[in-house]
Amino acid sequence: MATSNPLLRYAESRKNLVGSACGLAGVGITLTGAAGALWPLVVAGLYGAGALLAPPERPDTPHFPSADEQLDALRADFTKLRAYLAEVELPPAPRERLTALGTLVEALLEPGWVSDPEHLHVLARAVRLDIPEAVDTFVRTRWWSRFTAGAEAPESHLERQLAALHEEATSIAAALREAEAIRQHIHTEYVEGRGD
């Protein structure tokens with residue numbers, strides 16, 4: 001347990017504990033009479049030697065969230081995103097693309113599917129950055145496009161962005177499907193090979 005008081009921190013340190021053990025050995029030597037009149041030097045010397053020979057303190061390794069913890073946090077963020085998207089007014093075509101993308105992402109975020117860090121990163125980027133940014137930019141641009149005649153419809157950009165994000169999610173699903181097919185094939189060979 002780490003403490004902020006330097007005196008208490010040293011009292012709990014390995015150097016002090018090993019030094020104290022060696023100092024106690026010095027007291028034992030003194031009680032046998034082997035140290036004679038120099039017993040304070042023997043005890044202090046053994047304490048110092050023990051403190052110098054003790055292994056150095058190592059800081060605790062930092063805790064980083066596991067893939068399961070990251071996935072739980074991502075699921076919570078996806079729930080927030082869905083609540084936001086339900087309030088946004090979208091034309092029918094982008095809404096359909098967004099619904100399809102949301103359904104696919106929700107399926108990928110189910111427990112037990114995504115464990116690859118790269119896939120998790122792609123999904124996190126889509127949920128926390130790409131989808132909200134695409135929708136928010138559309139909403140803002142659509143408002144300004146009322147004042148600009150002949151400009152490209154903001155819906156087309158949103159549809160293209162959502163299509164690209166859907167393609168990314170689909171590639172993750174395809175990789176997972178392929179991995180499961182390989183796993184099933186290997187297990188079939190294993191089960192059939194046991195009879196030989």
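**Figure 1. Packing of helix α4 against helix α5 in the predicted model.** Helix α4 comprises residues 67–87 and helix α5 comprises residues 92–108. The two helices pack at an angle of about 165°, and their axes lie 12 Å apart. Because angles over 145 degrees count as roughly antiparallel, α4 and α5 are described as roughly antiparallel to each other. The crossing in which α4 passes α5 is left-handed.

**Figure 2. A salt bridge between helices α4 and α5.** The side chains of Glu 106 and Arg 82 meet in a salt bridge, with an N to O distance of 2.8 Å. Glu 106 belongs to helix α5 and Arg 82 to helix α4, so that the pair links distant parts of the chain, 24 residues apart. Glu 106 has a relative accessibility of 37% and therefore counts as partly exposed. Arg 82 is likewise partly exposed, with a relative accessible area of 32%.

**Figure 3. Packing of helix α4 against helix α6.** Helix α6 spans residues 117–145 and packs with α4 at an angle of about 15°. The axes of this pair are 10 Å apart. The angle therefore makes α4 roughly parallel to α6, as angles under 35 degrees fall in that class. The crossing of α4 and α6 is left-handed.

**Figure 4. A salt bridge within helix α4.** Asp 72 and Arg 75 form a salt bridge in which the closest N and O atoms are 2.6 Å apart. The two residues are 3 positions apart in helix α4, which means that about one helical turn separates them. Asp 72 is partly exposed, with a relative accessible area of 46%. Arg 75, at 22% relative accessibility, also counts as partly exposed, because the buried class is reserved for values under 20%.

**Figure 5. Further salt bridges of the model.** The whole structure contains 9 salt bridges according to the search. One of the pairs joins Arg 125 to Asp 130, with 3.6 Å between the closest N and O atoms. Arg 125 has a relative accessible area of 29% and is partly exposed. Asp 130 is partly exposed as well, its relative accessible area being 22%. A network of salt bridges links Asp 77, Lys 80 and Arg 128.

**Figure 6. A nonpolar patch on the surface.** The patch is formed by Leu 24, Val 27 and Leu 31, which together present about 330 Å² of accessible area. Val 27 is situated in helix α2, the helix of residues 14–32. With a relative accessibility of 35%, Val 27 counts as partly exposed, because that class lies between the buried limit of 20% and the exposed limit of 50%.

**Figure 7. His 157 in helix α7 and its separation from Tyr 47.** His 157 lies in helix α7, which runs over residues 154–193. The relative accessible area of His 157 is 34%, and the residue is therefore partly exposed. Tyr 47 is 110 residues from His 157 along the chain. The C-alpha atoms of these two residues are separated by 74 Å.

Notes
Residues numbered from 1 in each chain as written. Predicted model: local features only at pLDDT ≥ 70, side-chain atom pairs only at ≥ 80, totals over all residues. Heavy atoms only, no water. Patch = residues over 30% accessible without salt bridge, like charges linked within 9 Å, V, L, I, M, F, W, Y side chains within 5 Å. Areas by Shrake-Rupley, 256 points an atom, 1.4 Å probe, with all protein chains shown as cover. Salt bridge = Lys/Arg side-chain N within 4 Å of Asp/Glu carboxyl O. Helix = DSSP H or I, 4+ residues; strand = E, 2+ residues; numbered from the N terminus. Buried < 20%, exposed > 50% of the residue type's maximum accessible area, 1.4 Å probe, protein only. Axes fitted to C-alpha atoms, helices over the stretch in contact; angles between N-to-C directions. Parallel < 35°, antiparallel > 145°, perpendicular 65-115°, else oblique. Left-handed = near helix turned anticlockwise from the far one by under 90°.
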